[in-house]
Amino acid sequence: MNTKPYDDGQYRQCTSVQLRIRSFREIQGAWDEMNKTLSDFAFSDMKRLLLIVGLAAALASCGSSEITVMTYNIWGARGLYKAEDYDALAEVINSQQPDFCVLNEVHSRTHRSRRTLNHEELAKRTGMDASFAPAFYFNGGAYGNAILCKHPVKEKLHVYLPCDPSQDPKGGEVRSACFLKTEVGGFTFWMGGAHLDYREDESSRIWQANILRDYIAKMDGHLFFAGDMNAEPDSKTMETFSEYMQLNYRDKEQKTWPSKHEADEPRVLIDYIMYRKPDKKIKLLSYDVINNTASDHCAVVARFKVRR
């Protein structure tokens, strides 16, 4: 077998570092240098990997945003003992940390609410901004809907919702819808809320749902809408909403009224959280009913992911 004698000038390459070997001592030194080089390479490679992972996470974060929407009929803040209990209501809201919370049956300076502003009292206790849209004036003050928002509000809109003119005007109640516009994580959002007519004949609710359709169609960005629709899932009112809004309840057993304030179990589903169709950028993550004793309605909370 032919072998080549050791050549003092021979060079061996190891991981891009050339090591010249002459003696045992130099071999030991070369071994140490190689280990250091490999260690430096591995450390550099790990830093690169961590940087890539960090950038990917940052890009993913910039490319989507999670939004929590809540709706809560607060029953004029009357509470368990028919007296204002803002702390109990705020505890329900704060437990979910929503970006938006639609409030129904909001009293503003009525004698029934002892001249307080329901929405402002809850805004103070939740650290959110309050926008109020009166539906009508009574009892020395106003009654309507409000939205609590944890983000800076850029625009507000109050929509008047009359009853169906073919119905007896004395038999129902004029309603309102409250809308606000904001930005979250670089996304533009409209949040709207309403409380529709209560009568057994749903003509006015359908009328109001069609008025809302016209306004909602003109709004830019992503749009969520919520509130007490006074209509069950199989009603023509909700069929009308489903033509332009995505209804998000998991099943018809997610009933929202009355709360355990009034009964052992809720009997009907009338409170909803929706978003405008078609919006392929919105994905529902969860949808829950929060039973409580602070109001006669359960609260509803939905979490969404919105991507670019």
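A residue is called buried when its relative accessible area is under 20%, and exposed when that area is over 50%. The exercises below apply this cut-off and others to a predicted model.

**Exercise 1. Determine whether S259 is buried or exposed, and identify what its side chain reaches.**

Solution. Begin with the location: S259 belongs to the loop that runs between strand 11 (245–247) and strand 12 (271–276). Next, take the accessibility: S259 has a relative accessible area of 0% and is therefore buried. Then list the surroundings: apart from neighbours within four places in sequence, S259 is in contact with N291, N292, S295, D296, H297 and C298. Finally, consider the polar partner: the backbone oxygen of S295 is reached by the side chain of S259 at 2.5 Å.

**Exercise 2. Classify K154 as buried or exposed, and find the residue whose side chain makes a polar contact with that of K154.**

Solution. K154 is placed in strand 7 (residues 153–161). Its relative accessibility is 56%; because the threshold for exposed is over 50%, K154 counts as exposed. Once neighbours within four places in sequence are set aside, the contacts of K154 are K181 and E183. Of these, E183 supplies the polar contact, side chain to side chain, at 3.1 Å. The backbone can be examined as well: the C-alpha atoms of K154 and T182 are 5.4 Å apart, although 28 residues separate the two along the chain.

**Exercise 3. Characterise the aromatic pair formed by Y275 and F304, and state which cluster includes these rings.**

Solution. Two quantities are required, since a pair of aromatic rings is described by the distance of the centres and the angle of the planes. With centres within 6.5 Å as the criterion for a pair, the count is 12 aromatic pairs. For Y275 and F304, the centres are 5.9 Å apart and the planes stand at 90°, which makes the pair edge-to-face. The pair joins distant parts of the chain, with Y275 in strand 12 and F304 in strand 14 (residues 299–307), 29 residues apart. Both rings belong to buried residues: the relative accessible area is 10% for Y275 and 0% for F304. Ring pairs connect Y275 and F304 with F187, F189 and F224 in a cluster. At F187, the charged end of R308 sits over the ring, 4.4 Å from the ring centre.

**Exercise 4. State the mean pLDDT of the protein chain and what share of its residues reach 70 or more.**

Solution. The mean pLDDT is 85, and 77% of the residues reach 70 or more. Residues 1–24 have pLDDT below 50, and this stretch has 24 contacts in the model beyond near neighbours in sequence.

Definitions and conventions: Residues numbered from 1 in each chain as written. Predicted model: local features only at pLDDT ≥ 70, side-chain atom pairs only at ≥ 80, totals over all residues. Heavy atoms only, no water. Helix = DSSP H or I, 4+ residues; strand = E, 2+ residues; numbered from the N terminus. Buried < 20%, exposed > 50% of the residue type's maximum accessible area, 1.4 Å probe, protein only. Contact = heavy atoms within 4.5 Å. Polar contact = N/O pair within 3.5 Å; in protein donor to acceptor, adjacent residues only side chain to side chain. pLDDT = per-residue confidence, 0-100. Phe/Tyr/Trp six-rings, centres within 6.5 Å; stacked < 30°, edge-to-face > 60°. Lys NZ or Arg CZ within 6 Å of the ring centre and 35° of its normal.
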